[in-house]
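This briefing walks through a few local features, grouped by topic. Please keep the sequence and the 3D view side by side while reading.

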Amino acid sequence: MTSTTRLTAAQALVRFLAAQYTERDGVRRRLIGATWGIFGHGNVAGLGQALVEYGDLMPYHQGRNEQSMVHAAVGYARQSNRLSTHAVTTSIGPGATNLVTGAALATINRLPVLLLPGDVFATRPADPVLQQLEVPHAGDVSVNDCLRPVSRYFDRITRPEALIPSALQAMRVLCDPVDTGAVTLALPQDVQAEAYDWPEDFFAERTWRVRRPGPDPVELAAAVHAIRAARRPLVVAGGGVHHSRAEDALAELAESTGIPVASTQAGKGSLRWDHPQDVGGIGHTGTATADQLARTADLVIGVGTRYTDFTTASGTLFTGAGVRFLNLNIAPLDSHKLSGLPLVADARGALEELTEALLLHEHGVDPAYVAEYTQDKERWEQRVDACFEAGDPDVRPTQPQLIGALDAVVDETDIIVNAAGSLPGDLHRLWRTRSRDQYHLEYGYSCMGYEIPAAIGVKMAAPDRPVWALVGDGTYLMMPTEIVTAVQEGTAIKLVLVQNHGYASIGGLSESVGAERFGTAYRFRSEDGAYTGAPLPVDLAANAASLGMRVLRAKTVRDLRACLAEARDADTPTCVYVETETADTLSGAPPAQAWWDVPVAETATRSSAVKAREEYDRHVSTRRRHL
C-alpha cells in the first residue's frame, strides 16, 4: 500500500516544487529556485503558511509589486538559460490581475515562470465574496481567467487531489524548449488550506530532461544544398542561439564558411562584437552593415529567430532577387515562417551537423564577399566611435555618449538589462557585446518597468557579476518599487537612470508619423494647453535615494565616467543619475537603417501628417510577402 502524508494543498505544492530538477548536457539544476510572494486574504493562510512551514525547503523573496515579481523571476530564468526559474504567489483580485503583464512578457519571450495566484472559494460559502467577479452567464469565471490567453498552461485547482496531475503538467510545460512560458495554477483560497492524504511518491525528486532534438536527415540535406548554392548568405541569429547555448557552434560555422552573422535584439551577443563575422544588429534598430547585407542576401539563414517586424523591417528588408529563407528553429511555427526551408531541431546540434557537412565539401563564401562586409563593418565602427566621442567632457552627455562611457567601464563579466524607450534602438546599433549573456534586452514585449526587477533576478542568478539596469525616466516612474527589494536583500544592482523629460522614443516616432510629439513630453502646460512649457521639477535621483539606494549624480561627460566607475565597484545598490540631451535638441545616434510600419493617418489637414503619409506610402510600396 502506498504510504501517504496528510498536508494542506499549499503545503503539498511547496514540497513538490522543492523536489523538481532540470537536466541538460549532464548538468542538474533545481527547477524552482525560490518563491516570490505578496500576501492577502487569498493566499496568506494557504501558501503563506506553507512557505513558513517549509522555509528550509523553499527560499522566499518579498516583493513590492506583483508585476515586478514576475519580471524578477523572468530575469532569473533567462540568466539561468531557462533551466531554472522562480514561482510567484499573490492573493485573488488586483494582486492576481497584476500578474497579467508579466505573464504576457514571459510567454511572448518563451521564458518559464510559475504563477500561483489565489482564487475565490471553490466551495462558495458566500456569494459573492470579497474581490469576486460576478459574471451573470457563468459561475466558474474569476479574474484569474485573464491569465488564460497569456499562459502556456492554465488550470484552476478546485480539489486538492486535482493538484497532482496539474502540477506534473505544469512542470512539463516549464521545461519544454518550445512550449515554455508563463504557467498558471489558480488556487482557490479554501482549497489551499484543505488537507489531503498525499502519496509520498508525489514528493519524490523528479528530473525533467530538456530535449535537444536533432535535425531530420532530409531537412538537413536540403539545408546544406541551399547554403552551398547561395552566393550571398546571411545568418540572422535570434534568442534561440542563447537558449540552446549554441554560440560556439555558430562561431564555428561562421568562421569555417565566412558567412556573416547579424543578430536580433534577443540574439545579440551570439558572436562577440569584434568577431570577424559579426555584423551587428539587424532590422529597424540594426546597423547599416547588417541591413545592407539583408537587402542583397540571396539566402537568409534564421537561427532561433521569430522574425518579428523589427527584424524584417515590417517586410521591407529582405528584398534581394530570388531571396530564400532557411529557418533552423526548435519550434515548428518559427521554422516555417517566410515560406522558408524548415530545419526543425535544437540549434546547437543542428549547427554542428551543418558545419560538419559543409566542411566535407570545403564550402566557403567568395573572399570578395568577406572583404565587402569587413570593410562595411569597419566603417560602421568608425561611426560608433564618433557617437561615443565627447569633444568637450564638461558638457551634458548625449545618450550615445552615455552608452560609450558605460562601454569604456565594463568588461565581459558585466550584464546590461533594458527593455523599453529609446535605449533599445541605440543599444542594438551601438553596444559592443563582449560575452554571450552580457546583453539582456527584453524586446519581445518591450515592457516598461521590466529593467529594475529583472536586474534583481539576473543578479540572483549571477551574484558575482556586475548587473546594470538602464532605465529612462518614463520607465522609472512606472515601476521603481523594487529598489526597496534590492536594498532589503542587499542585491547590488547598478541603476543608470536617464532623465530626458518624457517618452523620448515615442516622441521621435510621434514626430515621424505626423503626430507632432503630442503627449510625449514631461512638461508643464503652456498657454495653449499643450505640454510645451518648462520641464517638470521632479527629482528622480532624490526619489531613488528615498527608497534606500545610494545615488551618484552626473552632470557632465566627465562626471558620468567617474560615477559609472564608482558604481561598478560598489557592493551596495547604486544609482547613477544623469540628465541627457533630449531628442528634440541633440541625439547623436545614427538614424534607423530600416523602416518600421506604424500606420499614418490616411487623411489629415495638418501638413506634418500629410507629409508623413506620403513617406509612409513610399515605404509600404516596398513591402514584400515571401511566398
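In this predicted model, V44 belongs to helix α2, which spans residues 44-53. With a relative accessibility of 44%, V44 is classed as partly exposed, because that class lies between the limit for buried, under 20%, and the limit for exposed, over 50%.

**A nonpolar patch at the surface**

- V44 contributes, together with F39 and Y60, to a nonpolar patch on the surface that covers about 240 Å².
- Y60 can also be found in the strand β5 (60-62), which is one of the edge strands of a sheet described next.

**The sheet that contains β5**

- Six strands make up an open sheet with parallel pairing, and reading across it gives the order β5-β4-β6-β7-β9-β8.
- At the edges of this sheet are β5 (60-62) and β8 (153-156), each of which pairs on one side only.
- On average, and with direction ignored, neighbouring strands of this sheet are turned by 20° against each other.
- The strand β4, made of residues 32-37, pairs with β5 in the parallel sense, and three bridges connect the two strands.
- Which residue of β5 is the bridge partner of W36? The partner is H61, so a reader who has located W36 can look across to H61 in β5.

**The sheet that contains β22**

- Another open sheet of six strands, again with parallel pairing, has the order β19-β18-β20-β21-β23-β22.
- The edges are taken by β19 (439-441) and β22 (550-554), and because each has a single partner strand, one side of each is left without a neighbour in the sheet.
- Neighbouring strands of this sheet are turned against each other by 20° on average, when direction is ignored.
- The strand β22 runs parallel to β23, which holds residues 574-579, and five bridges join the two.
- Within this pairing, V551 stands opposite C575, a residue of β23.

**Helix α20 and the residue after it**

- Helix α20 covers residues 482-489, and E482, I483, T485 and A486 are buried in it.
- Why do these residues lie on the same side of α20? They cover an arc of only 155° around the axis, and this places them on the same side of the helix.
- After α20 comes G490, whose phi angle is positive, with a value near 65°.

How values were computed. Residues numbered from 1 in each chain as written. Predicted model: local features only at pLDDT ≥ 70, side-chain atom pairs only at ≥ 80, totals over all residues. Heavy atoms only, no water. Buried < 20%, exposed > 50% of the residue type's maximum accessible area, 1.4 Å probe, protein only. Helix = DSSP H or I, 4+ residues; strand = E, 2+ residues; numbered from the N terminus. Arc of directions from axis to C-beta. Patch = residues over 30% accessible without salt bridge, like charges linked within 9 Å, V, L, I, M, F, W, Y side chains within 5 Å. Areas by Shrake-Rupley, 256 points an atom, 1.4 Å probe, with all protein chains shown as cover. Salt bridge = Lys/Arg side-chain N within 4 Å of Asp/Glu carboxyl O. Pairing = 2+ DSSP bridges. Axes fitted to C-alpha atoms, helices over the stretch in contact; angles between N-to-C directions.
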